[in-house]
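Hi everyone, thanks for making time for this. Have a look at the sequence and the structure on the screen, and then I'll walk you through a few parts of it.

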Amino acid sequence: MGGLFSKPSPPPPPPPTFDEPWRELSWGENTRDLQYARDYQPQSGGVSHLRVMLYGPVGAGKSSFIDSVSNTLRGRMGMETMTGTDQSTKGQSLTKRYKTHRIKKDGRNGYYNFVFNDVMGIEDGTGRGVHVDDIKLAMQGHVKDEYKFNPVSPLTSDDPGYNQSPSPDDKIHVLVCVYSANASEITDSVLHKMRDIREAACDLDIRQLLIVTKVDEACPETQESLRNVYKSKHVKKKMAEFSSKVGIPMRFVLPVKNYSDEISIDPDADTLILCVLRLILDFGNDFLEQCAQNTSTD
């Protein structure tokens, strides 16, 4: 009789993945996007190369993304930047200077027609990490290469690192916010700085996107296979949270897996990296075309 009054079993938990991916990708079919990057030329605006700046909290994967793009394009492992954080100084950024990173074309003379600028990471509180005013000046082309960031005091027009007369090549054409999928909650201080940077870029009509790194570490499903990234409910929730907090539309939020401990190229990681790069290049052309139109109507 006792069995008749036993409690029913609780319903099983919902599955961690969607039945179908909510975005479609052609996994491993990277030839077209690789060729697109090789052939890329800025379409207008009087510039010789597209300039892309990455910003975000310390340890988000900004420098690693530059290395990963280089690895993907060159088809082999290498290192363009000094990546990581300085654990001897409580996780502070290793990036201390404003530096332009160019990617050399293997087997050919010359470089790809886009460059990346990395900046010191954003940190909690005042007097720590990159100063927001330095990023704003860099967007306008006023920061010279090799300028050393000072978290306490931003660049001024009297400083030797200040570019008095920036050319169109010196200015930022695409701004990329970088955040880690397995990072802790964004503090109010860091979030305020990131929003301040985003709003300054909006005022300059600079195109923006957000990349979510370390998606392979975000949940068991993506640890098992990167091809689950657009099926994982957890990853989609993280992307939506970052989109809402930073203020960048979900359609411009993309996941990536940077190269870290690998010793050979992974076609699936390359697919995600090239998807981001393609959007960067298209955004850059949109911005340069707008600049050219504005100039012609002045």
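Let's start with helix H4, residues 188-203, which lies across three strands: S1 (50-55), S6 (174-180) and S7. Against S6, helix H4 runs at about 160 degrees. Please keep in mind that this is a predicted model.

So what sheet do those strands belong to? Six strands form an open sheet, and if you trace across it, the order is S4-S5-S1-S6-S7-S8, with mixed pairing. Strands S4 (99-104) and S8 (253-255) stand at the edges; each has a single partner strand, so one side of each is left without a neighbour in the sheet. From one strand to the next, the twist averages 30 degrees.

As a quick reminder, strands of a sheet pair through backbone hydrogen bonds, either parallel or antiparallel. In which sense do S7 and S8 pair? Strand S7, residues 207-213, pairs with S8 in the parallel sense, over 3 bridges. If you'd like a pair to find on screen, Ile211 has Leu254 in S8 as its bridge partner.

Just past that edge strand, take a look at Asn258, in the loop between S8 and H7. Is Asn258 buried or exposed? With a relative accessible area of 10%, Asn258 is buried, because the cut-off for buried is under 20%. A polar atom of the Asn258 side chain lies 3.1 Å from the backbone oxygen of Gly61. Leaving aside residues up to four places away in sequence, Asn258 touches Gly61, Ser64, Phe65, Ser68 and Thr213.

Now for the nonpolar interior. The largest nonpolar core has 81 residues, and among those with the most contacts inside it are Tyr55, Leu73, Phe114 and Ile280. Helix H7 (residues 267-297) contributes the largest share of this core, 12 residues. Let me stay with Tyr55 for a moment: again not counting residues up to four places away in sequence, its contacts include Val119, Ile122, Leu175, Cys177, Met194 and Ile197. Lys62 and Arg198 also touch Tyr55.

Last stop, helix H1, residues 31-39. Which residues of H1 are buried? They are Asp33, Leu34 and Ala37. These buried residues cover an arc of only 105 degrees around the axis, which puts them on the same side of H1. That goes with a familiar rule: an α-helix has 3.6 residues a turn, so residues three or four places apart point the same way. On the face of H1 turned away from the buried side, you'll find the exposed residues Thr31 and Arg32.

That's my tour, and I'm happy to take questions.

Terms used
Residues numbered from 1 in each chain as written. Predicted model: local features only at pLDDT ≥ 70, side-chain atom pairs only at ≥ 80, totals over all residues. Heavy atoms only, no water. Core = buried A, V, L, I, M, F, W, Y, C linked by side-chain atoms within 4.5 Å. Buried < 20%, exposed > 50% of the residue type's maximum accessible area, 1.4 Å probe, protein only. Helix = DSSP H or I, 4+ residues; strand = E, 2+ residues; numbered from the N terminus. Contact = heavy atoms within 4.5 Å. Pairing = 2+ DSSP bridges. Axes fitted to C-alpha atoms, helices over the stretch in contact; angles between N-to-C directions. Arc of directions from axis to C-beta. Polar contact = N/O pair within 3.5 Å; in protein donor to acceptor, adjacent residues only side chain to side chain.
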